[in-house]
Amino acid sequence: MSNNSSKNKVDYVKRLENLGLNALESQIILSTDSTISFLKKLHVEKVYVLGTKSLKKMVLDAGIDICSYNPEFVIIGYDTELSYSKLIDACRLINSGVDFIATHCDPVCPSENGPIPDIGLLTEMIEKTTGKKVYKVFGKPNPDVINDIINSHNIERSKIIMIGDRLYTDIAMANNAGIDSILVLSGDTTRDEVENVPKAASYILKDISRIV
């Protein structure tokens, strides 16, 4: 399960294969899935996408057209191919009255060179530029995806556990969904940060190897 909407499921399958792990596209859940599910429920036919080619492919594969004139929504994704002209187009549409939605809310994304800007900061910039609030935000910590899994597969909430390395996305989603969680300290969160959070994870482990 990932908030990263810059990649699609094919990208993730290939990435896992390179790590020696076999996975099916059906086993991968992205914030883009919740975004598309929302649009399909509203029978949306046309959107403008501020995002990567991979994100656009998922939208098109879902049967939703992408256009820069008269879309029903503007989708803001984690765009590693961002250009100023894309920002201008998105703001032009939002200023004209089109609502915008965001695939997730992460303010920063970890990288080899330290944190880099993610969609949360981009969404905030667009809100301040246009004076309009984002219509809806998907991905972690929104519990919708967990609730959808529970309802579609008839799984008891007590049988699900969320494993992650971020307090404000992975663990926050587990808390919002009312399920147990395991925080691993091998990624984004340190022990000191955990001690400053009143409602942390159900379990805290040094790394994921302690689970298996």
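## A walk through two parallel sheets

Strands β1 and β3 run parallel and are joined by four bridges. Here two strands count as paired if DSSP finds at least two bridges between them, and the strands (E, at least two residues) and helices (H or I, at least four residues) are DSSP runs numbered from the N terminus. This is a predicted model, in which local features need pLDDT of at least 70 and side-chain atom pairs count only at pLDDT 80 or more, while totals for chains, interfaces and linings use all residues. Residues are numbered from 1 along each chain as its sequence is written, and side-chain values use heavy atoms, with hydrogens and water left out.

**The five-stranded sheet**

Let us widen the view from that pair of strands. β1 and β3 belong to an open sheet of five strands with parallel pairing, in the order β2-β1-β3-β4-β7. At its edges are β2 (65-66) and β7, each of which pairs on one side only. The table lists some of the pairings, with residues that stand opposite each other.

| Strands | Bridges, sense | Residues opposite each other |
|---|---|---|
| β1 and β2 | two bridges, parallel | Lys46 and Asp65 |
| β3 and β4 | four bridges, parallel | Ile75 and Ile101 |
| β8 and β9 | four bridges, parallel | Ile161 and Asp180 |

For β1 and β3, the bridge partner of Tyr48 is Val74 in β3. Is β3 covered on one face or both? Both faces are covered, with Phe73 and Ile75 buried on one side and Val74 and Ile76 buried on the other. Buried means under 20% relative accessible area, exposed means over 50%, and partly exposed is in between (1.4 Å probe, protein chains only).

**Helix α4 against the sheet**

α4 packs on this sheet and touches β1, β3 and β4; its direction makes about 140° with that of β1. Contact means heavy atoms within 4.5 Å, and axes are lines fitted to C-alpha atoms, for helices over the stretch in contact, with angles running from 0 to 180 degrees between N-to-C directions.

The helix covers residues 84-95, and at 1.5 Å a residue its twelve residues should span 16 Å, which agrees with the 16 Å between its end C-alpha atoms. The expected span is 1.5 Å times one less than the number of residues. Which residues of α4 are buried? They are Lys86, Leu87, Ala90, Cys91, Leu93 and Ile94. These residues cover an arc of only 160° around the axis, which puts them on the same side of α4. The arc is that of the directions from the helix axis to the C-beta atoms. An α-helix has 3.6 residues a turn, so residues three or four places apart point the same way. The cover over the buried residues of α4 includes β1 (46-50), β3 (73-76), β4 (99-102) and α5 (119-130). Just after α4, Gly97 takes a positive phi of about 115°.

**Two nonpolar cores**

A nonpolar core is a set of buried Ala, Val, Leu, Ile, Met, Phe, Trp, Tyr and Cys residues joined through side-chain atoms within 4.5 Å. The largest one has 15 residues, of which Tyr48, Leu50, Val74, Ile76, Phe100, Leu122 and Ile126 touch the most other members. Two or more residues come from each of β1, β3, α4, β4 and α5, and α4 gives the most, with four residues. Apart from this core lies another, of twelve residues, among them Leu39, Val47, Ile64 and Phe73.

Val74 makes a good stop on the way. Not counting residues up to four places away in sequence, Val74 touches Tyr48, Ala90, Leu93, Ile94, Val98, Asp99, Phe100 and Ile101.

**The three-stranded sheet**

Further along the chain, three strands form an open sheet in the order β8-β9-β10, with parallel pairing. β8 (161-164) and β10 (203-205) stand at the edges with a single partner strand each, so one side of each is left without a neighbour in the sheet. The twist averages 20° from one strand to the next. Helix α7 (residues 167-177) packs on this sheet, touching β8 and β9, and its direction makes about 160° with that of β9.

**Backbone details in the loops**

Most residues other than glycine have a negative phi, and most peptide bonds are trans. His43, which is not a glycine, has a positive phi of about 60°. His43 lies in the loop between α2 (31-41) and β1 and counts as exposed at 65% relative accessibility. Asn154 also has a positive phi, near 55°. Its place is in the loop between α6 and β8, and at 72% relative accessibility Asn154 counts as exposed. Lastly, a cis peptide bond with omega of about 15° joins Lys140 and Pro141; Pro141 is in the loop between β7 (136-137) and α6 (144-153).
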